[in-house]
Amino acid sequence: MPRIPRSAAVGAVGATALAAGLLAVTSSAASADAVAVHDIQGTTRVSPLAGQQVPDVSGVVTGVRGYGSKGFWIQDTRSDSDPATSEGIFVFTGSAPLTVKPGDAVLVSGTVGEYVPGGAASGNQSLTQITKPTVTVESSGNALPGPVRIDAKSVPAAYAPAGDPADGNSVNGLPLRPRSYALDFYESLEGMNVRVGGSRVVGATDAYNELWVTVKKQENRNRRGGTVYGSYAAQNGGRLQIQQLAPVSEQPFPKANVGDVLTGTTEGPLDFNQFGGYTLAARELGEVADKGLVREKTRRQAKGELAVATYNVENLDPTDPQKKFDALAGAVVAHLASPDILALEEIQDDNGAKNDGTVSAEKTLKKFTDAIVAAGGPRYAWRSVDPENNKDGGEPGGNIRQVFLYNPERVSFTERAPGDATTPTGVVREGGRAALTHSPGRIAPADAAWADSRKPLAGEFVFRGRTVFVIANHFASKGGDEGLTSHHQPPVRSSETKRLRQAQAVNGFVKDIRKAQRNADVVVLGDINDFEFSATTKALEDGGALRSAVKSLPKSERYSYVYQGNTQVLDQILTSPGVGDADDFSYDSVHINAEFAEQNSDHDPQVLRFRP
C-alpha cells in the first residue's frame, strides 16, 4: 500500500473536517485560558478542548519533523502526576517554516484538533495536536524532559479495553487505564519523550525507513526471533514501530531483519500514524546488531512424493528487472527444491500495468520459466486461464492471475476442454472417478463472491498413475480492515465478509469432487489472505472437506507474512481427507522473504509433500 503524507487540512469541525481526517468533537464551553498540555490531552483519547483556541501553552521542544506531517513536539516539564494525562503534544505547522529545535522552551498558541490519520473511515484513533500555531521561543539549550522508559514491565499484558457498545464499540470516550491496557498505556504517553533500550527486531526495515521492535522478549516469540500472531486475542502489545526524525539523506536508516537487535538507546516523541499506530519518532536512534538470520531451504521430495507449492510473486511482469526474475527463479530451485507443481499468484500480463487491454501472460511465464532453467531447475510447463481485462482486481492494467507451473518429467497435466475467463468448470463422475469438465478451468467466475477478485484456478494432474486435483487461489485482500490500534475494540474486519463467501464457494466445489469420488486427492492452496484461525479458514474446512496443513506445524512455526511486527499466516495449503492426516504429509513454510529487509516478494512460499 503506498504511503500518503498526512493531510494538512485542519480547521472547522463538520463533514469537511471528517473527510480531511479531523475527528468531530463537541467541546465544553469552559475557558481555555492558561491551559497546560495535560489539560489539552485530558484523561481520554479525545481532548476536552478540541476545537478551542488555547493561548501560551508552554513546553520544551523534544523533536522536530521536517517531512510528512511537519511540525514539532513539546512537553510540559510540570507534570500533574496523573498517569492518564500525557504531558506531550504535537504542534502541526504544515508548510510554515520550522524555526524551533530540541531544547527550545516555547509558548504555543493555536487551535486544539483531533487528527485521524487516514481519515475517520479508517477507524484509526485520533492524534491530539495544536494547529495554526503562533510560536514564541523563550530560551534555548534547555535540558529535555527525562524520557519515559517503555519496557516489558511498563507495558500491560492486556492489549485494549472492550469498546463501549453505546458508542459503536469505540474506546474514545473511555477513561484511560494505562496500568491495565497496552493501548491505554501508549495513549497516556502520546507526544511525550519516550525511550526503549536494547530491543529485538520483529518487523524488518521496509521501503519507508521504519522497523518494528518488541519490548517484551518472550511475548509469543518464535525460534527465528519473530512475534507470532496466533489468535485475535494475541495482539502482542510489546510491538512498537520505530522511525527516525533525521532525513535519510542526512542519516541513513539502518537495515534490519527479524531477530536482529536494536541496541543502545532509542529515544524521541511517541507519535501515532496511519501505518502502524503508536510510533517512536526517534531523535536518537540505536544501532542494529545483525544476528545472522538465514533464508531457509526445504528438503527435496523423495521419488515417490509429490511436492506441491504456492508462491505469491508480487506483481511479476516482463517489465520487471531481470534480477527480480533471477531471484525468484533461484528461490524456486535452491530454496523450494523445484517442486513438482507450483501455484503462482500475482502473475501479471505481458506488459504489466500498461492498461491497454492486454490479458495474455505468455511472455511473463516464458521469461520466468527460462530463468528457472538458468538457475538449474527443470523446464516447467504451465497452465492458466487469462482473465477478463481489469475484472480480477489488483493493479489496474496488470490483470493478475494464478498459474500452475509443473514439471512434466515428474507429473502430467490432464487437459479437458480448457475453460475461458467466464466459463465455470464443474465436476462429473467418469469411469467411477471424479473429473473436471474444464481443466484448466475457473470456479464459478460469475459468482458475486469473485467480483473484482481473482477467480480460483482448478486443474487435474496425474502423479504415478494417481489423479490429484489442485485449486489455486488468491482471495480478496484485507484492504479496508481496521488496524489493531483502531478506536473500535475489537477492530472491524470488513473485508472478511467477501473472503468468507469465497471460501464457501471453494469448499462447495471440493465437496462436489468428493461426492463424485470420496477418496479424491484435492489440494487447495494459494494466498488465502487470512489466518489459520479465521472464519475464512473454518469455512474452507467446513464439513471435513479440507484441513489447513499449516496447523500440522507447531503454533510458533505458523506464518508466511510479517505485518506491523506480527508474524502471521496468509498463505495456506489445505488438503482433502484423501491426502491423509499430518502423519501422511510433510509441510513446510519456507521463510525466505517476509522476515528480511531485502525481499523478492513479501510472502513466504509454502510446500506440501505427500504420497498419493
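Below is a chat about the strands and helices of a predicted model.

Reader: Let's start with the barrel. What's the strand order?

Author: The order is S1-S2-S3-S5-S4 in a closed barrel of 5 strands, and the pairing is mixed. On average, neighbouring strands there are turned by 55° against each other, direction ignored.

Reader: And how do S4 and S5 pair?

Author: Antiparallel, over 10 bridges, with S4 covering residues 105-115 and S5 covering residues 127-139. Take Ser 109 as an example: its bridge partner in S5 is Thr 134.

Reader: OK, moving on. Which way do S6 and S7 run, parallel or antiparallel?

Author: Parallel, joined by 2 bridges; S6 is residues 148-149 and S7 is residues 193-196. Arg 149 stands opposite Arg 195 in S7. Between the two strands the chain passes through helix H3 (residues 182-188), giving a right-handed β-α-β crossover.

Reader: What about S7 and S12?

Author: Those two are antiparallel, with 4 bridges, and S12 spans residues 266-273. Val 194 has Gly 268 in S12 as its bridge partner.

Reader: Now the open sheet. Which strands sit at its edges?

Author: The sheet has 6 strands in the order S17-S18-S16-S15-S31-S30, with mixed pairing. Its edge strands are S17 (381-383) and S30 (585-589), each pairing on one side only. From one strand to the next, the twist averages 20°.

Reader: How many bridges hold S17 to S18?

Author: There are 3, and the strands run antiparallel, S18 being residues 401-406. Ala 381 is placed opposite Tyr 406 in S18.

Reader: Which strands do H4 and H5 touch?

Author: H4 (residues 322-334) packs on the sheet against S15 (306-316) and S16 (341-347), and its direction makes about 165° with that of S15. H5 also packs on the sheet, touching S15, S16, S17 and S18, at about 40° to the direction of S18.

Reader: Lys 366 caught my eye. Why call it partly exposed?

Author: Because its relative accessible area is 43%, and partly exposed lies between under 20% for buried and over 50% for exposed. Lys 366 belongs to H5, residues 362-374. Its C-alpha is 9.3 Å from that of Trp 382, which is 16 residues away in sequence.

Reader: Last one, H6. How far does it reach?

Author: Its 21 residues (496-516) reach 30 Å from first C-alpha to last, close to the 30 Å expected at 1.5 Å a residue. Its buried residues include Phe 509, Val 510 and Ile 513, plus Arg 499 and Arg 514.

Reader: What do those buried residues pack against?

Author: The buried residues of H6 pack against several elements, among them strands S23 (457-463), S24 (466-474) and S25 (521-527), and helix H7 (535-541).

Conventions. Residues numbered from 1 in each chain as written. Predicted model: local features only at pLDDT ≥ 70, side-chain atom pairs only at ≥ 80, totals over all residues. Heavy atoms only, no water. Pairing = 2+ DSSP bridges. Axes fitted to C-alpha atoms, helices over the stretch in contact; angles between N-to-C directions. Right-handed = clockwise from strand over helix to strand, strands pointing away. Expected span 1.5 Å × (residues − 1). Buried < 20%, exposed > 50% of the residue type's maximum accessible area, 1.4 Å probe, protein only. Contact = heavy atoms within 4.5 Å.
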